[in-house]
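Hi,

Here is the structure I promised you. Have a look at it first, and then read on for what turned up.

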2 protein chains.
Amino acid sequence: MKLYTYFRSSAAYRVRIALHLKGLEYEAVPVHLTRDGGEQRRPEYLALNPAGLVPALEDAGRVLTQSLAIIEYLDEIHPQAPLLPAQALDRARVREIAQMIGCDIHPINNLRVLQYLGREFAATEAQRNAWYRHWVELGLATVEARLAGDGHSGAFCHGDRPGLADCCLVPQVFNARRFDCDLSAMPTVRAIAARCEELEAFRRAAPAAQPDAE
Amino acid sequence: MKLYTYFRSSAAYRVRIALHLKGLEYEAVPVHLTRDGGEQRRPEYLALNPAGLVPALEDAGRVLTQSLAIIEYLDEIHPQAPLLPAQALDRARVREIAQMIGCDIHPINNLRVLQYLGREFAATEAQRNAWYRHWVELGLATVEARLAGDGHSGAFCHGDRPGLADCCLVPQVFNARRFDCDLSAMPTVRAIAARCEELEAFRRAAPAAQPDAE
């Protein structure tokens, strides 16, 4: 398997966590998102992934994109260390938490959106940072509300093993810290992220541990 | 089952299509997104769904949110008219197309984001519409690139029966038309959407067919 990745991309980070949780070997192909106008916009990369986003996974002669779809695929073909629980209602809960992050926070704060704000609205760096923090804080407060005091939460987002929701939570918390977001009202989110970050799989997937880290 | 819905919400529209494709009965509970500052922000609704977004589905004593998670749940517990193919690589392809829309287009154009642009950047209506069209046209061009000339595409996004990707595509095309987006370069997207819209399930799920339609 080949993973097209960028050390700081939180969508790629999610997939790296899943790969390491399952103990799968892969070749990392770095795609630098800001050098020379962005390597993800080169024709060679666009031929693989017309969206011009990372990650992309090459496996079995096909190229898959979209981090949540890639993780579900890995979970279906490599059943060890399952990332989704067995029961449908529980699976829905885990996907829900993953999508609160993967749909309702991350895409709004993606690099191309911040670039549009600068280009079309002359947004200053302070305004772009305020935008970033707004969607992270709003979104993670929602995640906190879903996790806190819910008997389905455990040491991790769902029960006592890390799964799909944790693959999404940790990169988002990493980004939240990078942009100095206020997570003081989100003790459950912080505790789960801290617990994950102690695990080898999460450590190996972290931005600083990547070959393309700067 | 109770579906908290708004006739024009494209995320609720996706779930309505899935329910009708499977022939499932449900009670529609309208949540008006703009009346009185938005019924989705009322304490009663936030108690059900802390994200303050539609849709939410009440089933088996639990409340599920996030349209894609809800549709996967329905597909798992009601196997008739499956919305995902059987093979893992194909399932990944369908989820990928669904997420190209559900992650990379829709959330960036959500009402709350347009409201932020108006509030914080004094964006005019023309600027908000340009923003909307930008993300729709960019995102649907990516979907077109994935669909066109790919042997896995058929009468519908994947093969010859409508599924999860079509549940996402049709509401997005509906919104694209509403905001006068340019879909001239997306013949495959348009042809599939038109084919879907002829089906009873899609017609019954359409905004104009809802009890709360205006």
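Let's start where the two chains come together: H6(A) passes H5(B) in a right-handed crossing. One thing to keep in mind throughout is that this is a predicted model. To find these two helices, look for residues 125-147 of chain A, which form H6, and residues 111-121 of chain B, which form H5. Their axes are 13 Å apart, and the helices pack at an angle of about 145 degrees.

Who touches whom there? On the chain A side, H6(A) brings Gln127(A), Ala130(A), Trp131(A), His134(A), Trp135(A) and Leu138(A). Facing them from H5(B) are Arg112(B), Val113(B), Tyr116(B), Leu117(B), Arg119(B), Glu120(B) and Phe121(B). Sorted by class, this contact of H6(A) with H5(B) comes to eight nonpolar, two polar and three charged residues.

**Chain A: domains and sheet**

Chain A splits into domain 1, covering 2-81, and domain 2, covering 88-202. Between the C-alpha centres of these two domains of chain A there are 19 Å. Domain 1 of chain A puts 17 residues into the contact, and domain 2 of chain A puts in 22 residues.

Next, the sheet of chain A. Its four strands make an open sheet in the order E2-E1-E3-E4, and the pairing is mixed. At the edges you will find strand E2 (27-30) and strand E4 (62-65) of chain A, each of which pairs on one side only. From one strand to the next, the twist averages 25 degrees.

Inside that sheet, strand E1 (residues 2-5) and strand E3 (residues 56-59) of chain A run antiparallel and are joined by three bridges. If you want a spot to zoom in on, try Lys2(A), which stands opposite Glu58(A) in E3(A).

Which helices lie on this sheet? One is helix H3 (residues 67-77) of chain A, which lies across E3 and E4 of chain A. H3(A) runs at about 30 degrees to E3(A). Chain B also contributes: its helix H4 (residues 88-102) packs on the sheet and touches E3 and E4 of chain A. The direction of H4(B) makes about 40 degrees with that of E4(A).

**Chain A: two helix pairs with H7**

Helix H7 of chain A (residues 164-178) is worth following, starting with its packing against helix H1 (residues 10-21) of chain A. The angle between H1(A) and H7(A) is about 135 degrees, and their axes lie 8 Å apart. That angle is why H1(A) counts as oblique to H7(A). The crossing of H1(A) and H7(A) is right-handed.

From H1(A), the contact takes in Ser10(A), Tyr13(A), Arg14(A), Ile17(A), Ala18(A) and Leu21(A). The H7(A) side has Cys167(A), Cys168(A), Val170(A), Pro171(A), Phe174(A) and Asn175(A). By class, the contact of H1(A) with H7(A) holds nine nonpolar, two polar and one charged residues.

H7(A) also packs with H3(A), here at an angle of about 145 degrees and with the axes 11 Å apart. The crossing of H3(A) and H7(A) is right-handed. Leu68(A), Ile71(A) and Glu72(A) of H3(A) meet Leu164(A), Cys167(A) and Cys168(A) of H7(A). That contact of H3(A) with H7(A) has five nonpolar, no polar and one charged residues.

**The sheet of chain B**

Over in chain B, four strands form an open sheet with mixed pairing, in the order E2-E1-E3-E4. Strand E2 (27-30) and strand E4 (62-65) of chain B each have a single partner strand, so one side of each is left without a neighbour in the sheet. Neighbouring strands here are turned by 25 degrees against each other on average, direction ignored.

Strand E3 (residues 56-59) of chain B pairs with E4(B) in the antiparallel sense over four bridges. Asp59(B) stands opposite Arg62(B) in E4(B). E3(B) and E4(B) form a hairpin with two residues between them, and Ala60(B) in the turn has a positive phi of about 50 degrees.

E3(B) also runs antiparallel to strand E1 (residues 2-5) of chain B, joined by three bridges. In this pairing, Tyr4(B) stands opposite Ala56(B) in E3(B).

Cheers

Conventions: Residues are numbered from 1 along each chain as its sequence is written. Chains are lettered from A and ligands numbered from 1 in the order in which they are written. This is a predicted model: local features need pLDDT of at least 70, side-chain atom pairs count only at pLDDT 80 or more; totals for chains, interfaces and linings use all residues. Side-chain values use heavy atoms; hydrogens and water are left out. Two strands pair if DSSP finds at least two bridges between them. Axes are lines fitted to C-alpha atoms, for helices over the stretch in contact, and angles run from 0 to 180 degrees between N-to-C directions. Contact means heavy atoms within 4.5 Å. Angles under 35 degrees count as roughly parallel, over 145 as roughly antiparallel, 65 to 115 as roughly perpendicular and the rest as oblique. A crossing is left-handed if the near helix is turned anticlockwise from the far one by less than a right angle, and right-handed if clockwise. Ala, Val, Leu, Ile, Met, Phe, Trp, Tyr, Cys and Pro count as nonpolar, Asp, Glu, Lys and Arg as charged, and the others, Gly among them, as polar. Domain bounds come from an automatic or database domain assignment.
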